[in-house]
Amino acid sequence: MHIFTGVFLVALLLTTAARLWLGNRHIRYIRAHRDNVPQEFAPQINLSAHHKAADYSSAKTRLHMTHAVIDALLLLALTLGGGLQLLSDWWTGWLGDGLAFGIALIVSVAVIISIIEIPIDIYRIFVIEARFGFNQMTPTLFIIDLLKQALLATVFGVPLLLCVLWLMARMGENWWFYVWLAWVAFNVLVLAIYPTYIAPLFNKFSPMENPELKTRVEQLLARCGFKSQGLFVMDGSKRSNHGNAYFTGFGAAKRIVFFDTLLSRLEPAEIEAVLAHELGHYKLYHVIKRMLWTFAVSLGFLWLLGVLISKPWFYHGLNVTTPTTAMALLLFFMITPIFTFLLQPLLSAYSRMHEYEADRYAVRYASASDLVRALVKLYKDNASTLTPDPLHSAFYDSHPPATLRIARLQSATQN
Ligand SMILES: [Zn+2]
């Protein structure tokens, strides 16, 4: 057996085992704490809501675990199982080995992976979300969403792919740097047009209307020094009962988006506190910082691909006998996640740090006790578990565990 085949198999096995082990720990921890609402939440969250959160989180985690196994089997089938080589031979017979071949190979693999994801999505939405009373999506809307996503992937993905494959073929040894420039330009473009042109394809966005709320919000925006033309309500209730708020875009396209589901459940003072948190993300440059990190890391990865692309063992170790640039791209992006899995806790910790920073910002401009009340309502309404396994949470959670986050906010109210 090829040495690289062994390295790949060990990494795949360890990553999959770790994902299953973490999921299993999480489910056991939640079950062990199922009958006790953490004391600090006891007044607002009753036992039946706590049970619902436990069962909902366990069901979602079980699905993640199944997903991890499907991912691993699919990766094995495409690489060592000979799937990619088979597709490559088939397309070469039709198209030779030029740009059309590269596009056909990559698009066909993307289509296969997406088709395998469909039943998982169906199960998540129409079984799990429905069982816990969150789903609002109809089968028709599900199909329309899929078609829109496929259309968007074609309109944006194919030209990007064409550009990347062309640069790889024409730019000599340093192609990876030019591909990186194209990748950065593409991301900035998507980020700039996403709020105004892409998100509206899926949801309706209307300016916030409620006069009492508007006055409060405008006062808050003035205190924070934020230009006010970017406050929108989104019809999230079209697909799900989960409530949320987020910050998106930059420059003139920047906006804060509230789900209608969130506005219907929170009091104006609580909405103000949530908005202050979202403003914190903007004022503390979280979006930009994250983007710069992503660009720096992707430059490193593209450089690495530039090294690997000329190494025969990289292809042979993954059971590919006809190396092409398109195949190198595919192999690299398919196997990278199993080697970078251990970076996940760093990414999550970085994100949680930003959440704490945004909370600290929020309590400077709005009331900490309103933010606490809003968060507890959201935990309850979204059936988020209050008792995650600490290790699972450290690995995956982009937001701090409820108890720690509330404790920090409460110490802020006492100061
Ligand atoms: Zn946040």
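1. Buried here means under 20% relative accessible area, and by that cut-off H281, with a relative accessible area of 10%, is buried. The structure is a predicted model, and the points below should be read with that in mind.

2. The zinc ion has as its protein donors H277 (NE2), H281 (NE2), E355 (OE) and E355 (OE), and these atoms lie 2.0 to 2.8 Å from the ion. Along the sequence, the donor residues follow the spacing H-x3-H-x73-E. H281 belongs to helix α9 (residues 268-283), whereas E355 belongs to helix α13 (residues 344-365), so this pair ties together parts that are 74 residues apart in sequence.

3. The geometry of the zinc site deserves a separate remark. Four donors count as tetrahedral if all angles lie between 85 and 135 degrees, but the 4 donor atoms around the zinc ion subtend angles of 51 to 136°, and the arrangement is therefore irregular. As for accessibility, E355 is buried, with a relative accessible area of 6%, and H281 is buried with a value of 10%.

4. A further buried acidic residue is D145, which is found in helix α5 (residues 139-170) and has a relative accessible area of 6%. When residues up to four places away in sequence are not counted, D145 touches M137, F202 and R239.

5. Turning to the helix packing, helix α1 (residues 3-32) and helix α2 (residues 47-78) pack at an angle of about 170°, with their axes 9 Å apart. Angles over 145 degrees count as roughly antiparallel, and α1 and α2 are therefore roughly antiparallel to each other. The residues of the contact of α1 with α2 divide into 13 nonpolar, 7 polar and 3 charged.

6. The contact can also be followed residue by residue. On the α1 side it involves F8, L9, L12, T16, R19, L20, G23, N24, H26, I27 and I30, and these meet A54, S57, S58, T61, R62, M65, A68, V69, D71, A72, L75 and L76 on the α2 side.

7. Where do N24 and L76 stand relative to each other, in sequence and in space? N24 and L76 are 52 residues apart in sequence and 23 Å apart in space, taken C-alpha to C-alpha, although N24 in α1 and L76 in α2 are both listed among the residues of the contact between these helices. N24, which is found in helix α1, is partly exposed, with a relative accessible area of 36%.

Note on methods. Residues are numbered from 1 along each chain as its sequence is written. This is a predicted model: local features need pLDDT of at least 70, side-chain atom pairs count only at pLDDT 80 or more; totals for chains, interfaces and linings use all residues. Side-chain values use heavy atoms; hydrogens and water are left out. Axes are lines fitted to C-alpha atoms, for helices over the stretch in contact, and angles run from 0 to 180 degrees between N-to-C directions. Helices (H or I, at least four residues) and strands (E, at least two) are DSSP runs, numbered from the N terminus. Angles under 35 degrees count as roughly parallel, over 145 as roughly antiparallel, 65 to 115 as roughly perpendicular and the rest as oblique. Contact means heavy atoms within 4.5 Å. Ala, Val, Leu, Ile, Met, Phe, Trp, Tyr, Cys and Pro count as nonpolar, Asp, Glu, Lys and Arg as charged, and the others, Gly among them, as polar. Donors are N, O and S atoms within 2.8 Å of the metal (3.2 Å for Na, K and Ca); water is not among the atoms, so sites may look incomplete. Four donors count as tetrahedral if all angles lie between 85 and 135 degrees; four count as square planar and six as octahedral if opposite donors are over 155 degrees apart and all others between 65 and 115; anything else is irregular. Buried means under 20% relative accessible area, exposed over 50%, partly exposed in between (1.4 Å probe, protein chains only).
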